[in-house]
Every structure is written in structure tokens, then in C-alpha cells.
Amino acid sequence: MDNTSQQKIVDEAREFADREIRPFAAQFEANEAVPRELIDKMAQRGYLAATFPAEYDGLGLDPIYYGLLTEEIGKADASTRGLLTVHTSLAGEALARWGNKEQKEKWLRPMAQGKKLACFALTEPEVGTDAKNVKTSYRKEGNKYIINGAKKWITFGNIADLFLTVTTGEKGITAFIIEREMPGVKTTPIKGLLAGKASHIAEIQFENVEVPAENIVGKEGSGFTYIVNTALDHGRYSIAWAGIAIAQEALEAMITYSRQRSQFGKKLHTHQLIQGIIGDAVTKVHAGRALCLRAGQLRKNNDSNAVIETTIAKYFTSKIAMEVAVDAVQVHGGNGCYNKYPVERLFREAKILEIIEGTSQVQQEIISSYGLRAYFKPPAKK
Ligand SMILES: Cc1cc2nc3c(=O)[nH]c(=O)nc-3n(C[C@H](O)[C@H](O)[C@H](O)COP(=O)(O)OP(=O)(O)OC[C@H]3O[C@@H](n4cnc5c(N)ncnc54)[C@H](O)[C@@H]3O)c2cc1C
């Protein structure tokens with residue numbers, strides 16, 4: 001698809017988000033649910049399959065335009081954007097990359113149409129960052145596999161039909177598609193969250209769930225190297241744009257407010273200390289956007305540096321989303337602490353981005369080990 005057609009999809013997504021999402025974001029939070037009707041509308045427009053190939057009813061957007069689309073949805077509501085992150089990026093992209101033809105036929109097209117919603121189940125009550133140590137187990141019995149264990153914090157897990165689930169067993173880490181209707185699957189919504197309140201986040205129990213061999217994605221034992229790494233790489237790319245979305249939305253809110261509100265007989269934006277805050281926020285957003293676009297371009301080119309540049313973009317934009325959102329609250333004064341103003345929600349949503357798809361500490365470790373290799377200049381031998 002040419003760039004003009006892709007840009008048109010992004011422009012339409014902006015109008016869709018302005019009309020169908022942003023005005024209701026606070027209501028979704030209060031109801032603790034992104035409504036099913038909205039998910040269906042997004043599916044009809046192809047957003048749930050934005051990157052899938054056309055043969056599976058996808059829009060076939062390239063990584064840059066997918067990033068821009070993620071931004072438009074994420075600016076309007078982080079909980080709704082969460083569906084793109086888990087369904088399209090984490091589960092969908094991993095399946096598109098590593099699923100066999102039968103698996104794609106069976107799941108990718110229904111996922112594109114929104115008939116099957118998918119999520120990514122890695123984290124457990126006792127295992128987060130140390131993800132290679134998952135305890136959810138598989139055991140082979142004849143041609144079937146028996147799954148036992150629990151997953152926690154699974155975005156859209158309470159309504160998803162398919163769980164791309166990371167398990168461990170005889171041959172090592174293995175990823176399965178577990179289907180909601182399989183006996184022994186139970187989901188429980190997690191309430192009382194700081195943010196992501198409308199993202200149907202759940203804990204999932206698997207009790208002697210029988211899964212056929214054809215539900216293994218990739219090879220038995222290769223689940224971490226291939227499936228988890230692919231899923232998290234796509235998830236990080238999505239979160240990089242989610243960070244820009246929050247930072248951009250907070251920046252716009254801060255500027256608009258500063259031009260409307262007066263103190264000491266003049267508009268807030270004319271006070272030099274407020275100008276300092278705004279100047280920093282504009283710079284951070286531009287820098288973050290440049291990193292996202294660079295990561296997108298490298299991904300589009302299948303460049304081997306795409307993974308590390310995506311990690312850097314995710315680390316940076318989640319950090320500046322938090323900083324810009326904090327500053328947007330500051331510029332709003334008391335109103336920034338009030339849920340009638342969107343910056344109050346942006347401030348809470350930004351924090352989550354520093355935790356999901358690998359915490360900031362994990363990103364720092366990865367980036368640091370890359371830097372130690374890339375920028376080591378051995379001293380010249382005497
Ligand atoms: C809103 C939300 C949605 C989520 N959605 C999903 C989902 O869809 N699917 C899914 O599988 N998971 C999901 N998660 C889980 C998320 O990925 C984990 O919370 C995250 O990976 C961190 O794991 P943890 O919470 O167990 O923290 P821990 O691993 O216990 O870490 C606690 C702290 O210790 C730090 N730490 C840990 N190890 C080290 C180390 N070696 N060096 C330095 N610091 C370290 C961490 O950075 C963190 O600051 C979600 C979480 C939230 C909050």
C-alpha cells in the first residue's frame with residue numbers, strides 16, 4: 001500500500017478516536033470496561049489487524065503507519081490502545097511470524113474480524129521480570145498437553161477468547177494457544193488498578209487444561225527464543241508509540257490550559273517558569289517521536305538494529321510520557337488533580353508504561369549491555 005493510502009487510514013483513525021473514544025474515555029474507566037461495541041467498530045475498520053497481511057483480512061500497514069495509528073488510539077484512551085498492544089502486536093504479530101498455515105487460517109482471520117480476541121499471558125503471580133522462570137507447566141500425554149498454573153495482569157484477559165500462553169515443561173519454554181472454552185480455564189477480573197482500568201485485566205487459572213499438539217506455536221521448547229522475544233519486541237514497539245501518545249496528549253492539554261488560564265493578570269504561558277516547562281515538554285516529545293520513527297523505519301527495512309532501537313524508543317518514551325504528564329498536571333494546578341481534566345488520567349496511565357513489556361530497569365540493562373559492546377574503544381596497543 002502506498003504512503004498516501006496508509007496516511008488516509010491514520011487520518012480516519014484520528015477522526016474515529018475523536019468521535020468514538022476520547023469523549024468516553026473517563027466513562028470507560030468508571031465502568032472499568034472498554035465496551036464491546038467499540039471493539040467491534042475497531043474490528044470493522046480493520047484496526048485489530050492493522051499490520052496483518054491482506055490475505056488474513058489485515059490492513060497491511062507498515063510499522064511506521066501502524067505506530068501512528070497506535071498513537072491516535074492511545075492519545076484518546078490508553079485502555080483502548082491496550083487492545084492493539086496485546087491483540088494485534090503481542091499475540092497477532094507472534095502468530096503471524098511463527099504460526100503455521102493452519103494456525104493462521106484458524107485464528108488470524110477471526111482475530112482480524114474481531115470474532116476472536118487474543119491476549120498474551122506471560123506474567124504470573126510469583127514471576128514477572130524473571131520471565132524465563134515461569135511456573136505454568138505443560139505435560140505431554142499422548143497427543144495432548146496438560147497445562148497447569150496461573151497468569152496475572154493479563155490485559156484483555158477477562159474477555160479474550162485466545163490466550164497465547166507461555167509455559168514450561170520437559171523440553172523447556174513452550175507457547176500454546178489456549179482457548180477460553182477449554183475445560184479448566186478460569187479468568188478473574190483484577191479491580192482497583194492505578195490505570196488500565198478499562199482494559200479487562202485478569203488473572204487466569206489453568207487447571208488440567210487439555211490442549212491439542214496443534215495449538216503449540218513454534219516448536220516445543222523454543223517458546224522463549226522465538227515466541228516470547230518476538231511478542232515482546234512487537235509489544236515494546238507498541239508501547240513506544242503509546243508513550244508518545246500520552247506525552248503528546250499531555251503536551252497539548254498543558255499548552256491549551258496555559259493559554260486559557262490567567263494568574264497575576266496574565267496568561268500562564270507568559271510566565272517564564274511555565275515557558276521552561278513547555279519548552280522541555282516540546283523537546284522531549286520531538287525527541288521521543290524521532291526515536292519511534294527511526295525504530296519504525298528500521299523495522300520496515302528488517303534491519304538487525306530494529307530490536308535495540310525499539311527498546312531504546314520504549315524506554316525513552318515511557319520515561320518522557322511520565323515526565324510530561326507530571327508537568328501537565330503541574331501546569332493545571334489543582335485542576336490537574338481532578339478527574340474532570342484528562343491530565344489526571346494521563347498521569348496515572350503514563351506510570352504503567354514504565355512497567356509493562358519489561359520494566360525500565362530491564363530496558364536499561366539491555367541498552368547498557370548493547371552500549372558496552374557498541375561503544376567500546378579498545379585502547380591502542382603501545
Ligand atoms: C496494567 C498492567 C498490564 C499488564 N499486562 C500484561 C499482559 O497483558 N501480559 C503479561 O504477561 N503481563 C502483563 N503485565 C505484567 C507486567 O509485564 C509485569 O508487571 C512486569 O513485567 C514486571 O513484573 P512484576 O510486576 O512481577 O515486577 P517484579 O519483576 O517483581 O519487579 C519489581 C521491581 O523490581 C525490579 N527488578 C526486577 N528484577 C530486577 C533486576 N534484575 N535488576 C533490577 N531491577 C529489577 C523491576 O524493574 C521492578 O521495578 C501487566 C502489568 C500491568 C501493571
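These legends walk through several close-up views of a predicted model.

**View 1. The chain is split into three assigned domains.** The domain assignment of the protein chain lists domain 1 (3–117), domain 2 (120–220) and domain 3 (224–374). Let us begin with domain 1 and domain 3, whose C-alpha centres are 21 Å apart. Their contact draws on 21 residues from domain 1 and 25 residues from domain 3. On the side of domain 1 that touches domain 3, α2 (25–31), α4 and α5 are the elements that give two or more residues. Which of these elements gives the most to that side? Helix α5 does, with 10 residues. By class, this side of domain 1 has nine nonpolar, five polar and seven charged residues.

**View 2. Helices α4 and α5 meet each other.** Here we look at helix α4 (residues 63–76) and helix α5 (residues 78–98), whose axes come within 6 Å and cross at roughly 150°. Angles over 145 degrees count as roughly antiparallel, and α4 and α5 are therefore roughly antiparallel to each other. Which residues of α4 and α5 meet? From α4 come Thr-70, Ile-73, Gly-74 and Ala-76, and from α5 come Ala-78, Thr-80, Arg-81 and Leu-84. The residues of this contact comprise four nonpolar, three polar and one charged.

**View 3. A shell of residues surrounds the ligand.** The ligand has 18 residues around it, and the closest are Leu-122, Thr-123, Gly-128, Thr-129 and Thr-359. If you are setting the scene by element, β1 (118–121) and β3 (144–154) each supply at least two residues of the shell. Strand β1 gives the most, with three residues. Seen by domain, at least three residues of the shell come from each of domain 2 (120–220) and domain 3 (224–374). How many residues of the shell are nonpolar, polar or charged? The shell has 11 nonpolar and seven polar residues, with no charged residues.

**View 4. Strands β2, β3, β7 and β6 form an open antiparallel sheet.** The order of the four strands is β2-β3-β7-β6, and the pairing is antiparallel. At the edges are β2 (137–141) and β6 (185–189), each pairing on one side only. From one strand to the next, the twist averages 10°. Starting at the β2 edge, β2 and β3 are joined by five bridges in the antiparallel sense, and Arg-139 stands opposite Ile-146 in β3. These two strands form a hairpin with two residues between them. Within the turn, Gly-142 has a positive phi of about 65°. Moving to the β6 edge, five bridges link β6 to the antiparallel strand β7 (residues 202–212). Here Thr-188 has Glu-203 in β7 as its bridge partner.

**View 5. Strands β1, β4, β5 and β8 form an open mixed sheet.** This sheet also gets a view of its own. Its four strands follow the order β1-β4-β5-β8, with mixed pairing. Why is one side of β1 and one side of β8 (216–217) left without a neighbour in the sheet? Both strands stand at the edges and each has a single partner strand, so one side of each has no neighbour in the sheet. Strand β4 (residues 162–167) and strand β5 (residues 174–179) run antiparallel and are joined by six bridges. Across this pair, Phe-163 stands opposite Ile-178 in β5.

Notes
Residues numbered from 1 in each chain as written. Predicted model: local features only at pLDDT ≥ 70, side-chain atom pairs only at ≥ 80, totals over all residues. Axes fitted to C-alpha atoms, helices over the stretch in contact; angles between N-to-C directions. Parallel < 35°, antiparallel > 145°, perpendicular 65-115°, else oblique. Contact = placed C-beta atoms within 7 Å. Nonpolar A, V, L, I, M, F, W, Y, C, P; charged D, E, K, R; others polar. Near = placed C-beta within 6 Å. Domains from an automatic or database assignment. Pairing = 2+ DSSP bridges.
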